Each structure stands twice: as C-alpha cells, then as structure tokens.
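Here are some short exercises with worked solutions. Have a look at the model first, then work through them at your own pace.

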Amino acid sequence: MLGLVTSSNLIQIYIFWELVGLCSYLLIGFWFTRPVAANACQKAFVTNRVGDFGLLLGILGFYWITGSFEFRDLFEIFNNLIYNNEVNFLFVTLCAVLLFAGAVAKSAQFPLHVWLPDAMEGPTPISALIHAATMVAAGIFLVARLLPLFRVIPYIMYLISVIGIITVLLGATLALAQKDIKRGLAYSTMSQLGYMMLALGMGSYRSALFHLITHAYSKALLFLGSGSIIHSMETIVGYSPAKSQNMGLMGGLRKHVPITKITFLLGTLSLCGIPPLACFWSKDEILNDSWLYSPIFAIIAWATAGLTAFYMFRIYLLTFEGHLNVHFQNYGGKHKTPFYSISLWGKNGVKKNSCLLTMNNNESTYFLSKTKYPIDKNGRKMTRPFMTIAHFEHKAVSSYPYESDNTMLFPIFVLGLFTLFVGAIGIPFNQEGVNLDILSKWLAPSINLLHPKSNNSQDWNEFLKDAVVSVSIAYFGIFIASFLYKPIYSSLKNLEFINSFVKKGPKRILWDKILNGIYDWSYNRAYIDAFYTRFFVGGIRGLAEFTHFFDRRVIDGMTNGVGVISFIVGEGIKYIFSNQ
C-alpha cells in the first residue's frame with residue numbers, strides 16, 4: 001500500500017495494485033484447510049481480476065492517447081487534447097470506464113462487491129487492516145488520484161456518483177439481517193466506501209478523503225473489537241466460526257468484556273455520525289454536499305445515514321445487551337427454538353434457511369483417525385485450521401466469556417483514541433484568523449467542483465443547522481434499533497405494544513409480506529450472489545463441459561475415426577490382395 005500511494009505513474013500503481021491483490025488472496029485463504037476460506041479467497045481473486053483487467057486496458061488506452069504514464073504529463077497532455085477537441089470522446093469515455101472498473105472491484109462497489117463479505121473468512125486482524133482500512137480504500141485513492149482526468153470527461157463523474165449511491169443503499173440494506181458479526185461489519189464497510197465514491201463523483205475531493213481517514217480508524221476499531229468478542233465466545237462454543245461469530249448466540253457480553261464493550265460502542269457511535277467522534281465530521285460534509293449535487297441522491301444518502309445507525313446499533317445490542325443467549329440453546333434435542341432472537345419483521349420463528357444455530361448430525365472421519373469431523377451442506381468435509389487443531393479439540397470450554405488480554409486490548413485502545421480525536425484534523429472552520437482545517441493544507445491544491453470559489457470553510461450557524469438534522473436522523477435510527485433489539489423481555493413487551501395498535505386484517509397481512517420480502521432480500525444478499533453463481537459460474541462451467549465434450553467426442557472422434565477408417569481400409573485391401 002505504501003508503494004501504491006507513493007506511485008507517480010500508472011505502471012507503478014498497477015504493479016503495486018496487483019501485489020496488494022495477491023496479499024489479499026493469500027491472507028483471506030490463511031485458514032486454507034477450511035473449504036469456506038479457500039472458496040472465499042478464490043472468489044476475491046477472480047472478482048478482482050475482472051476489475052484489474054479493465055484497469056490494465058484503461059491504462060494502455062490512455063497511454064495510446066497521450067503517450068505518457070506519468071500523472072503530471074498525462075493530465076497536462078490530456079487537458080490540452082480535450083481543450084483543442086483532438087480526441088474521440090467515445091473512446092476516451094470507454095478508457096475512463098475501464099479505469100474506474102478497477103476501482104469498483106478493489107473497493108467493493110456494486111456490482112463487483114460480492115467478494116468483500118466472503119473475505120471475512122480470513123483472520124480478524126486482516127479484516128481490520130486490509131479489508132476495512134487500507135486495501136479496500138485503494139480504489140477510492142485511485143479515483144481521487146485520477147480525478148483531474150475524470151472531471152473533464154463527459155458523463156464519467158455522473159457514473160461514479162451513481163455507482164456510489166447504489167453501493168451506499170445496497171450495503172446498508174444488506175447489513176440489516178446479517179447474523180454473522182463480521183459480515184455485518186463488511187456490508188457496513190461497503191456502504192461507507194459508497195459514501196466516499198459518491199463524494200468523488202460529486203467532485204468533493206476533500207470530504208471523500210476525509211471520510212476515508214476517519215472511517216479507517218473507526219472500522220478498524222470495530223473489527224478488532226469483533227475479534228475480541230469472537231475470542232471470548234470461543235471459550236464457550238469452542239473453535240467454530242459459525243457459532244463464535246453468530247450474534248444470535250451472543251448477548252449480555254457487557255458484563256464479561258467491559259473494555260471491549262466501551263471501545264465497540266465508541267466505534268459504533270462514530271460510524272453512526274454522533275458528534276464529536278471522527279466520522280461525524282466527514283460524513284456530515286458528504287451529506288451537506290449531496291444537496292448541492294442532486295436532491296434525489298441527497299434523500300438516499302440521508303436516509304441511509306439513518307439505516308447506518310439502525311444496523312450498527314442492532315449489532316451492538318445483539319452482542320452486548322440482554323443475556324448470554326448461548327445458554328438458551330438446545331444443542332442435544334431435536335427441537336430448535338428461535339428463542340434467542342426477536343425477528344425485526346414480526347415472524348413467529350426463524351426461517352429454516354436463515355438459522356445459523358442448527359446442528360448438523362452428518363459426520364465423517366479421516367483415515368487412520370478416530371476423530372470425527374462434520375460435513376457441510378455441500379457435502380464437503382470441514383477440516384480444522386492449521387495450528388489450532390489440538391488447542392480447540394481438547395480445550396475445556398468455560399461457562400462464561402472473559403475479557404481479552406492486554407496484547408489484544410492495547411491496539412483497540414489506541415484506535416479508540418484516534419476515533420475520538422482524528423476528526424479534529426478536518427474541522428472546516430476558519431474564523432477570526434484561527435485556521436483549524438489541517439486537512440485542507442495537506443491536500444492543497446484541492447479539487448472541489450461543488451464549491452469552486454470556496455476555501456473549504458463553513459459558517460458556524462450553517463454547520464449547526466445541518467448537523468442537527470443529520471444527528472437527529474442518526475438518533476432516530478438508534479431509537480428504532482433500541483425499540484426492536486433491546487433485551488428479549490423488553491422486546492416482547494414492545495412487540496405486544498405494537499400488536500395492540502395493529503389489528504389483524506388484509507393490511508396487516510400485506511405489511512407482513514412486505515417485511516418478510518425485505519428480510520429475504522437482505523439475508524440472501526439481494527440474490528446477487530445467487531444470480532452470479534447460476535448464470536456466470538454455471539454458464540462458464542457449462543461451456544467448459546461442452547468444450548470438453550466437443551474436444552473428446554468430436555475433435556478426438558474425427559481424428560480417431562480417420563485412424564479407424566484407414567485401418568479398416570488397409571485391412572480390406574490386405575485381405576483382397578492376399579486372396580488373389
């Protein structure tokens with residue numbers, strides 16, 4: 001990443017771009033003995049190759065137009081060509097789209113976002129560093145670095161903003177029903193990266209990079225906090241990511257991991273946009289700039305800010321509030337009760353396909369070993385990870401989780417301090433000779449298409465007016481999440497309170513169907529993964545099978561047929577002449 005951000009030309013960026021992708025592939029598949037992790041790293045690698053191929057074609061296209069890979073020469077030559085109308089705008093737009101495709105894949109933007117949630121199969125520190133703060137930000141950095149190029153090309157800036165706003169909304173809606181704590185944070189990362197891409201598409205260069213900085217600290221804090229939670233849950237359920245990362249088995253951890261709880265709450269409030277934490281300052285700038293760009297985009301962005309507060313506090317409440325739900329599970333019996341979770345959508349139970357707590361009785365054994373291993377739903381043997389086999393197999397589980405040791409808490413504490421204070425570098429107030437905006441000095445000369453004559457400063461009254469609205473929306477999302485996901489007994493009372501106002505009837509049935517449809521949409525990842533699996537993966541496999549059949553039966557058949565016919569003709573001629 002250091003090589004990527006210090007590159008002065010496109011070739012150097014592409015080399016480090018590929019090395020970052022290789023590191024991601026290797027780290028996602030760190031637990032390579034687990035089939036799920038092996039499949040996840042392959043999925044990430046292939047998906048990124050799609051975008052990287054477009055990036056390579058775009059680099060070659062702009063080199064063919066300008067004859068240079070250096071950024072300064074490239075911008076100067078290209079601006080002169082545009083000014084003199086000496087380029088084919090259709091070809092230039094195509095090359096720009098191909099460059100942008102690389103950023104779309106690397107920063108998990110729609111429609112190449114499908115690899116990021118599966119990348120959470122890697123170790124949690126990797127998720128915190130690479131897949132929350134650094135590598136996924138490479139696409140944002142590339143678009144920001146090439147913004148002088150993109151802003152003079154018709155329609156490309158609008159395309160960037162459209163992809164950004166779709167990713168913002170899609171990531172937030174898909175995070176609503178996730179039970180895996182790391183997958184929920186992954187979709188949150190996807191949504192926040194969409195905010196950054198939206199800001200770049202609007203031309204707000206400073207606010208995009210400001211949000212990149214603040215989000216990196218807050219989300220790394222949340223991921224390391226989730227790692228501490230998973231570590232504490234493993235003392236109860238053993239090594240099983242399907243259980244230790246399942247929020248349905250958590251609850252009541254505030255009494256057992258108080259330090260992790262405080263830091264996790266700090267990161268959650270920051271991501272929700274609560275002042276004076278880091279993400280409040282950067283997200284508020286993006287939301288305010290969206291009104292100057294497009295009212296439709298602004299409405300979606302502000303509504304998604306409320307959704308962000310909702311799903312983040314859903315994660316927090318399911319994890320830390322209430323009682324430890326793992327003690328309510330019936331692991332030995334046949335009856336699987338959904339008592340641990342109150343459904344947001346008012347269902348009587350949890351869907352069969354969405355319950356992560358069911359125990360699988362299918363088992364298999366290794367040759368020359370008496371140890372049994374479970375088989376997953378695809379019939380594959382779930383082997384145990386390297387370096388953890390003996391530790392978790394023979395470890396006696398505890399009745400309650402406990403706080404992590406200091407080696408895990410120290411980086412969480414440091415990130416918590418940055419989450420508290422890093423927002424101060426971009427406070428946009430320059431009044432009475434006091435310049436508090438450090439970030440604008442670092443980014444000078446900055447690009448701001450929405451405020452071309454502005455010095456990135458704001459008036460206190462205008463800022464407070466906008467901040468009150470954004471914070472109110474965040475608190476509304478927090479209130480709804482608290483109303484639905486408080487400890488289970490209070491939630492039951494809330495559901496009774498809601499049901500007392502909503503009578504049974506056609507409207508109630510229709511409302512339940514709508515909510516169930518939203519739940520299915522969110523839990524099944526908007527069916528995008530299923531679509532890709534069926535049409536792209538299935539289509540390529542079908543084509544491979546057809547090619548194999550054509551090669552073995554047709555091509556080889558023709559060759560073998562010629563040989564057989566030649567043999568038969570030869571034998572016939574030999575027989576005829578031998579009888580004469």
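**Exercise 1: the long helix and its cover**

Task: find what covers the buried residues of helix 23, then follow the helix along its length.

Solution. Step 1: the cover includes helix 3 (35-66), helix 6 (115-118) and helix 10 (156-174), where contact means heavy atoms within 4.5 Å. Helices (H or I, at least four residues) are DSSP runs numbered from the N terminus, as are strands (E, at least two). This is a predicted model: local features need pLDDT of at least 70, side-chain atom pairs count only at pLDDT 80 or more, and totals for chains, interfaces and linings use all residues. Residues are numbered from 1 along each chain as its sequence is written, and side-chain values use heavy atoms, leaving out hydrogens and water.

Step 2: Ile 528, Asp 529 and Tyr 532 are buried in helix 23 (under 20% relative accessible area, with exposed over 50% and partly exposed in between; 1.4 Å probe, protein chains only).

Step 3: at Gly 557, helix 23 bends by about 40° (the angle between axes fitted to the seven residues ending there and the seven starting there).

**Exercise 2: the core**

Task: which residues touch the most other members of the largest nonpolar core, and where does this core lie?

Solution. Step 1: they are Phe 62 and Phe 150, in a core of 144 residues (buried Ala, Val, Leu, Ile, Met, Phe, Trp, Tyr and Cys joined through side-chain atoms within 4.5 Å). Step 2: domain 1 (1-152) and domain 2 (202-327 + 400-429 + 437-449 + 460-490) both give residues to this core, so it lies between them; the domain bounds come from an automatic or database assignment.

Step 3: beyond its neighbours within four places in sequence, Phe 150 contacts residues including Ala 96, Leu 99 and Ile 160.
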